[in-house]
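Reader: I would like a close look at a single part of this model, with its surroundings described in one connected answer. Please keep to what can be computed from the atoms.

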Amino acid sequence: MIRPLTLLTLAALAGTAQADGREIDYRINDEAFTGYFAPADDEPRGTVLIIHDWDGLTDYERRRAEMLAERGYDAFALDLYGQGNRPVETEAKKAETAKLYQDRERMRALTLAGLAEARDRGAAVPTVVMGYCFGGAVVLELARSAAAEDVHGYATFHGGLATPEGQGYADDTAPILVAHGGADASIPLEDVTALSRQLEDAGVDYEIEIYSGAPHAFTVFDSDRYQQRADERSWSAFLSLLDEVLPRQ
C-alpha cells in the first residue's frame, strides 16, 4: 500500500532543512570519532540513530538527521570509521567496510558506543536505528545481537541483508523495516527472500518493501542512482514505523 506523503517532496524537505545540528567529537577507548547530532525542534518523540553508508558520515547523513529533527526526533549520525576517515575512492571504501565485516565484535561495539554517546549528549532514550547500504547491514547486525537497550525499531535502506553463519534473530526483536530496490544489482532478491524466511521463522514483526526499477542506493540525493519515487515511498514507510513505535505522548 502506498502511504500518503508529506506536502513537500523529500527533495524539497532536504533542501530546506534548518541546519541546527552540530558535530560531536567523542572517544571510544583511545580512538577519536566525529558524529552529528540534530536535536528535535520541540520535545523529542524519541531518537533516531543513523548509521552511514560505505563512504562514512557525510553531508548525506547530516541532511537526513536534520529532516528527522524537523519531524520531532532527536537524530544522531554516528561514526564507524574514525575522525577524519572519509574514503573517496571505491577501493578505499571497500577496505573500510571489510575491516568491520571481518570484525563484527568491533562493528557492534562501535555502534553501541555511538548510541551511548547520543544518550550522553541528551538524546531521548527510546530509539529507532536506521542505516543506508553498509549502514543497513550494521543495523541488522545490531538487531541480531539484541545488545542495545530501549531500541523500538530498525530500518535498513538498500542495505546488506545476509545473515552470517551462526547468527539469527530472537522472537522479541523490535520491528524491522526493509526498503529494497527491485533493480538492485548489489543485493539480490534471493537475499530478501532468505531474510523474510528467517524473520518469519523467528516470529519477528517485519515489513519488506520492494520498489520496482529502483537500483542500489536509490535514496542518495543528487546521485545518478537516485529514484525519487522509491525514496519518497521508503521514507513514508519509515515515518509510519516511527509513528507506530515512537508515538506522541
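Which residue in β4 is the bridge partner of threonine 47?

Author: The model is a predicted one. The bridge partner of threonine 47 in β4 is aspartate 74. That pair belongs to the contact between β3 and strand β4, residues 74–77, which pair in the parallel sense over 4 bridges.

Strand β3 covers residues 47–51, and 5 of its 5 residues are buried, so the strand is largely enclosed by the rest of the structure. Buried here means under 20% relative accessible area. The side chains point two ways: Thr47, Leu49 and Ile51 one way from β3, Val48 and Ile50 the other, and all are buried.

β3 also pairs with strand β5, residues 127–132, in the parallel sense, over 5 bridges. In that pairing isoleucine 50 stands opposite methionine 130 of β5.

The link between β3 and β4 involves a helix. Together, β3, helix α2 (residues 59–70) and β4 make a right-handed β-α-β unit.

Strands of a sheet pair through backbone hydrogen bonds, in either a parallel or an antiparallel sense. The sheet that holds β3 is open and has 8 strands, in the order β1-β2-β4-β3-β5-β6-β7-β8, with mixed pairing. At its edges stand β1 (22–28) and β8 (206–211), each with a single partner strand, so one side of each is left without a neighbour in the sheet. On average, neighbouring strands of this sheet are turned by 20° against each other, direction ignored.

At the β8 edge, 6 bridges join this strand to strand β7, residues 176–181, and the two run parallel. Alanine 179 has glutamate 209 in β8 as its bridge partner.

Helix α2 leads on to the largest pocket, since α2, α3 (90–101) and α5 (134–145) each supply at least two residues of the pocket's lining. The largest share, 4 residues, comes from α5. The volume of this pocket is about 550 Å³. Its lining has 27 residues, of which Asp53, Trp54, Cys133, Phe134 and His216 lie nearest the centre. By type, the lining residues divide into 12 nonpolar, 7 polar and 8 charged.

To return to the part asked about: β3 pairs in the parallel sense with β4 and with β5, and 5 of its 5 residues are buried.

Key
Residues are numbered from 1 along each chain as its sequence is written. This is a predicted model: local features need pLDDT of at least 70, side-chain atom pairs count only at pLDDT 80 or more; totals for chains, interfaces and linings use all residues. Side-chain values use heavy atoms; hydrogens and water are left out. Buried means under 20% relative accessible area, exposed over 50%, partly exposed in between (1.4 Å probe, protein chains only). Two strands pair if DSSP finds at least two bridges between them. A crossover is right-handed if, with the strands pointing away from the viewer, the path from the first strand over the helix to the second runs clockwise. On a 1 Å grid over the protein atoms alone, a cavity is a set of points where a 1.4 Å probe fits but cannot get out, and a pocket is an open set with protein on both sides within 12 Å along at least five of seven lines; lining residues have an atom within 4 Å of a point. Grid points are joined across faces, edges and corners, and a volume is the space filled by probe spheres set on the points. Ala, Val, Leu, Ile, Met, Phe, Trp, Tyr, Cys and Pro count as nonpolar, Asp, Glu, Lys and Arg as charged, and the others, Gly among them, as polar. Axes are lines fitted to C-alpha atoms, for helices over the stretch in contact, and angles run from 0 to 180 degrees between N-to-C directions.
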